[in-house]
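This briefing is meant to be read with the sequence and the coordinates side by side. It starts from one helix and then widens to the chains and to the contacts between them.

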Amino acid sequence: MDSFTLLANGFAVALQPLNLLYALIGVTLGTAVGVLPGIGPALTVALLLPVTYKLDPAGSLIMFAGIYYGGMYGGSTTSILLNTPGESASIVTALEGNKMARAGRGGPALATAAIGSFVAGFIATMALALIAPTIVKFALSFGPAEYFALMILAFMTVSAAFGDSTLRGLTALFLGLAMGLVGIDLQTGQARLAFGIPDLLDGIEVTTLAVALFAIGETLAVAASRTTAEEKIEPVKGSVWMSREDWSRSWKPWLRGTAIGFPIGAMPAGGAEIGTFLSYSVEKQLAKRPEEFGKGAIEGVAGPEAANNASAAGTLVPLLTLGLPTSATAAIMLAGFQQFGLQPGPLLFANNPQIVWGLIASLLVANFMLLVLNLPLVGLWVRLLSIPRHWLYAGILVFATLGTIGANPSTFELGMLLAFGVLGYVLRLFGYPIAPVVVGLILGPMAEQQLRRALAISQGDPTVLVHSPIAVILLLLAVCAVVVPLIMRARGKGKVLSALAANED
Amino acid sequence: MTQQPPSTETRRPDRAALVIAAVLAIIAAVIVYSTATARGGSATRIGPGAFPYAIAACLFVLAIWTAFEAVRGDFPEREEQQIGPIVWIVGGLAAQMLLLHIAGFAIATGLLFAATARGFGRGPLWLTIPIGIVLSFVIWVIFAKGLQLSLPAGPLERLI
């Protein structure tokens, strides 16, 4: 069957009334939480994971996809109307978008972001549907050694390749890997690092860690910061519709942003931010009036927003086809799959095609809903921005603990939440990236399984890891991902890399 | 967020970063100790101990590297931090954790809510605690009754 037949079957799942309702709830919740300043897509998904516990797998994943896309849309509204740095994927949008809003052109800025997100989301999701079967066919030939090499590559790109310090990226990764050791060893049943505490035998929950690092760590960091920046919400004046000139200046950046964002998201390189920065500099160079950049150029909103959403869809390529999360958000989505006993990867396409293709089709549905939800109703979302910060963060903590209590109402789990929250604050304080910790926790045990499986097949011969050309190439790329940035930083080109830092998503 | 370009003036050894290096080394030592004293279950050729040892070794190398950067003062400068808000918020979380099974979800979470608002400089507590408890109670009704989430009940929740 070709992709279109499969996709059509997927629509048969996605368009069932109940699933449409789940998608609508998902995009609404996702947008609402995404709009709130200080909450990125990763935290949005982690906070709302417990809401989906009681649903059936297909409905739950459809709601999840809606939350994911909705969080991406919502973030752009925040960065345009409220100049909030700190959320890495929207820094670039804030550069030009906030300037446009200050100049009274907030409406067109929001419109070009929403329509650009729609165009990019549509094209990128179609691209996902087209290339996924090919990758799955390819991935079916992968053995444990290839998977292990692929995971090593993902580890290195997520932690070491971008950001402003190889050391701090690697340290964050290995903290996550160390946490991944806790619990019962899957192959031998031996308890590791549990120190006799029964609560630790099941290991550390990805959602507990993610919620603690993102929600509590962020709250502590904001509260402790002395520089209380004056946050001013720019009112949306005039029409939200774009003029003819806006359209003609926007459509090319949308397409270019999509073309840049999707491959970057699809590679095991992590982070939607990299694409947004690249798109911004491309638009700046191609612009007819580059002098407008920095003063509110619409191209600088259209391109990066499209790149942002395209790479969000791109991230789903390795996640669905290989089971490889390359960003914190994807890691939490993987945890979402696992709570239903589903393991993304080539076998999921073979065994549960109705779930995979239903999910992909529902992404297209969610994308359309978001366009409708965001353009005419933008005024409603803007009101969420006016929630004062103290109520906002108090509410965030209430919901963060609610999710943990709902999943496991134990004092010990809350203690871990608190401890990891403090860890998240310390990591932020010293400039450590957060995403590698989360990716390390979920991917570490998987990498160990693949390594031990490979060595069991070869009866302990470690050269099995470099027997296939694919594995060798992947491992060499992983080495490059660590060494090249080290050389670049030593030669004083580190600024480029820290500009590409994959911080949050 | 707290990253700032390193300044050009001469740097002193960064004590806090040295502490981080020490903590990393301690974590590595704990992993090695815990793995070495664990018993049973190593029937396979590469047992459950190999991966922990590898991670511990890497953490140890990272600890040395961190200490090296700390002495050279390579860590980014940090903003001055306020301690008060941290104490309030951590205290709120601790209070919720300890009171959850005694006082129930609404009261415990209401205290967390008020303590967080206080951390952001908003009071007075006699006003924010009742607001927090009412809000948490509403949440409890929605999630425990509506969505069947198992949230601990206390005296307030047993009223309905």
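**A helix of chain B and its surroundings**

In α3(B), the buried residues are P85(B), I89(B), G92(B), L93(B), Q96(B), M97(B), L99(B), L100(B) and A103(B). The model is a predicted one, and the values below are computed from it. Those buried residues of α3(B) pack against α9 (206-224), α17 (389-407) and α18 (411-429) of chain A, and also against α4 (105-119) of chain B.

**Geometry of α3(B)**

- Helix α3 of chain B covers residues 83-103, and because each residue is taken to add 1.5 Å, its 21 residues should span 30 Å; the end C-alpha atoms lie 28 Å apart, which agrees.
- The helix α3(B) nevertheless carries a kink of about 30°, centred on M97(B), and M97(B) is also one of the buried residues of this helix.
- Just after α3(B) comes G104(B), which takes a positive phi of about 90°.

**Chain B as a whole**

- Chain B contains five helices and zero strands, and its pattern along the sequence therefore reads simply as α-α-α-α-α, with helices defined as DSSP runs.
- The domain assignment divides chain B into domain 1 (15-72) and domain 2 (83-159), and the C-alpha centres of these two domains of chain B lie 38 Å apart.
- Buried residues account for 36% of the 160 residues of chain B, while 62% of the contacts in chain B between residues at least 6 apart in sequence join residues at least 24 apart.

**Chain A as a whole**

- Chain A is built with 21 helices and two strands, and its C-alpha trace spans about 70 × 55 × 50 Å along its principal axes.
- For 505 residues, a compact globule would be expected to have a radius of gyration near 23 Å, and the 22 Å of chain A agrees with that expectation.
- Of the 505 residues in chain A, 62% are buried, and among contacts in chain A between residues at least 6 apart in sequence, 81% join residues at least 24 apart.

**The enclosed helix α5(A)**

- Helix α5 of chain A (residues 91-102) has 12 residues and reaches 16 Å from its first C-alpha to its last, close to the 16 Å expected at 1.5 Å a residue.
- Because 11 of the 12 residues of α5(A) are buried, this helix is largely enclosed by the rest of the structure; the buried set includes the charged-letter positions E96(A) and K99(A) as well as I91(A), V92(A) and L95(A).
- After α5(A) comes G104(A), whose phi is positive, near 80°.

**The largest nonpolar core**

- The largest nonpolar core has 215 residues, among which A210(A), I332(A) and V438(A) touch the most other members.
- Helix α6 (residues 106-139) of chain A provides the largest share of this core, 15 residues, and the core also draws at least three residues from each of domain 1 (15-72) and domain 2 (83-159) of chain B.
- Leaving aside neighbours within four places in sequence, A210(A) is in contact with A42(A), A46(A), A328(A), I332(A) and V438(A).

**Contacts between the chains**

- Across the interface, 54 residues of chain A are in contact with 64 residues of chain B.
- On the side of chain A that touches chain B, α8 (166-181), α9, α17, α18 and α19 (435-457) each supply at least two residues, and the largest share, 11 residues, comes from α17(A).

Key:
Residues numbered from 1 in each chain as written. Chains lettered and ligands numbered in written order. Predicted model: local features only at pLDDT ≥ 70, side-chain atom pairs only at ≥ 80, totals over all residues. Helix = DSSP H or I, 4+ residues; strand = E, 2+ residues; numbered from the N terminus. Expected span 1.5 Å × (residues − 1). Bend = angle between axes of the 7 residues up to and from the residue. Buried ≥ 20, exposed ≤ 12 C-beta atoms within 10 Å, placed from the backbone. Contact = placed C-beta atoms within 7 Å. Domains from an automatic or database assignment. Rg over C-alpha atoms; globule rule 2.2 N^0.38 Å. Core = buried A, V, L, I, M, F, W, Y, C linked by C-beta atoms within 7 Å.
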